[in-house]
Amino acid sequence: MGMKTKVALGAVVGIVVIGAVSANSGDTDDGSTGKGSSASAQRQSGDAKSARDAGSKGSDGKNTEKASQAEQFKAFVQKNGSPQEKKAVSHVTKVQGADEQNDILDAADVYTDFTGGLMGEGAAPAKLIASAFADWKQSENGLVTVYDANGELLGNGKF
């Protein structure tokens, strides 16, 4: 390999690394950069869907805007889900990406307390969780991925 080829290859690798780092640097939801500011802009512009999801009132009459995405998801399933979905969703510990939708390529992650990965006890409930998520959020091209406690893939589905 010639010297020019090595330099060009090094430049390409450097650009890819810089791109990956900059893409991940805006993942904070503090409203100042990246995805957080677009979600804030949607809420401020009067987006009916965001306002409905973020500002809905819970059964106790309090505003659930401060509730985490996982709490909002669990509340929805408790109200609208089947008994099997309610049991599966009780294992949800964290939901990410549910409030940041653009109907082009939406991706959400649901984390559970199941263990064992794809061959473990959580594989069947993962499909129920993905189905319940599709009832909760709708997108033209969304994908929800369900993970176990160790971050291993349990299942996924369209929403």
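**A chat about a predicted model**

Trainee: Is Asp103 buried or exposed?

Mentor: Asp103 counts as partly exposed, at 36% relative accessibility (buried is under 20% relative accessible area, exposed over 50%, partly exposed in between, with a 1.4 Å probe and protein chains only). This is a predicted model, where local features need pLDDT of at least 70, side-chain atom pairs count only at pLDDT 80 or more, and totals for chains, interfaces and linings use all residues. Residues are numbered from 1 along each chain as its sequence is written, and side-chain values use heavy atoms, leaving out hydrogens and water.

Trainee: Okay! Where is Asp103 in the chain?

Mentor: Asp103 sits in the loop between β1 and β2. Its phi is positive, about 60 degrees, although Asp103 is not a glycine.

Trainee: Let's zoom out. How many helices and strands are there?

Mentor: The chain has six helices and four strands (DSSP runs numbered from the N terminus: H or I for helices, at least four residues; E for strands, at least two). Along the sequence, they follow the pattern α-α-α-α-α-β-β-α-β-β.

Trainee: And what share of the chain is buried?

Mentor: Of its 159 residues, 29% count as buried.

Trainee: Which residues touch the most others in the largest nonpolar core?

Mentor: That core has 21 residues, and Phe73, Val92, Val95, Val110, Ile129 and Phe133 touch the most other members (a nonpolar core is a set of buried Ala, Val, Leu, Ile, Met, Phe, Trp, Tyr and Cys residues joined through side-chain atoms within 4.5 Å). Two or more core residues come from each of α4 (69-80), α5 (83-89), β1 (92-96), β2 (106-112), α6 (123-136) and β3 (142-147). Helix α6 gives the largest share, six residues.

Trainee: Pick one for me. What is Val95 in contact with?

Mentor: Setting aside neighbours within four places in sequence, Val95 is in contact with Gln69, Ala70, Phe73, Asp109, Val110, Phe133 and Trp136 (contact means heavy atoms within 4.5 Å).

Trainee: Back to α6, then. Which of its residues are buried?

Mentor: Pro125, Ala126, Ile129, Ala130, Ala132, Phe133 and Trp136 are the buried ones in α6. Seen down the axis of α6, they fall within an arc of 165 degrees, so they line one face of the helix (the arc is that of directions from the helix axis to the C-beta atoms). Ala124 and Lys127, on the other side of α6, are exposed.

Trainee: What do those buried residues pack against?

Mentor: The buried residues of α6 pack against α4, α5, β1, β2, β3 and β4 (153-158). Where α4 and α6 meet, Gln69, Gln72, Phe73, Phe76 and Val77 in α4 face Ile129, Ala132, Phe133, Asp135 and Trp136 in α6 as contact partners.

Trainee: Asp135 is in that list! Is Asp135 buried or exposed?

Mentor: Asp135 is partly exposed, with a relative accessible area of 42%. Not counting residues up to four places away in sequence, Asp135 touches Phe76 and Glu85. The C-alpha atoms of Asp135 and Asn80 are 8.9 Å apart, while the two residues are 55 apart in sequence.

Trainee: And what about Glu85, where is that found?

Mentor: Glu85 is in helix α5, and at 10% relative accessibility it counts as buried. Apart from residues up to four places away in sequence, Glu85 touches Val77, Leu128, Ser131, Ala132 and Asp135. From Glu85 to Lys127 is 42 residues along the chain, yet their C-alpha atoms are separated by 9.4 Å.
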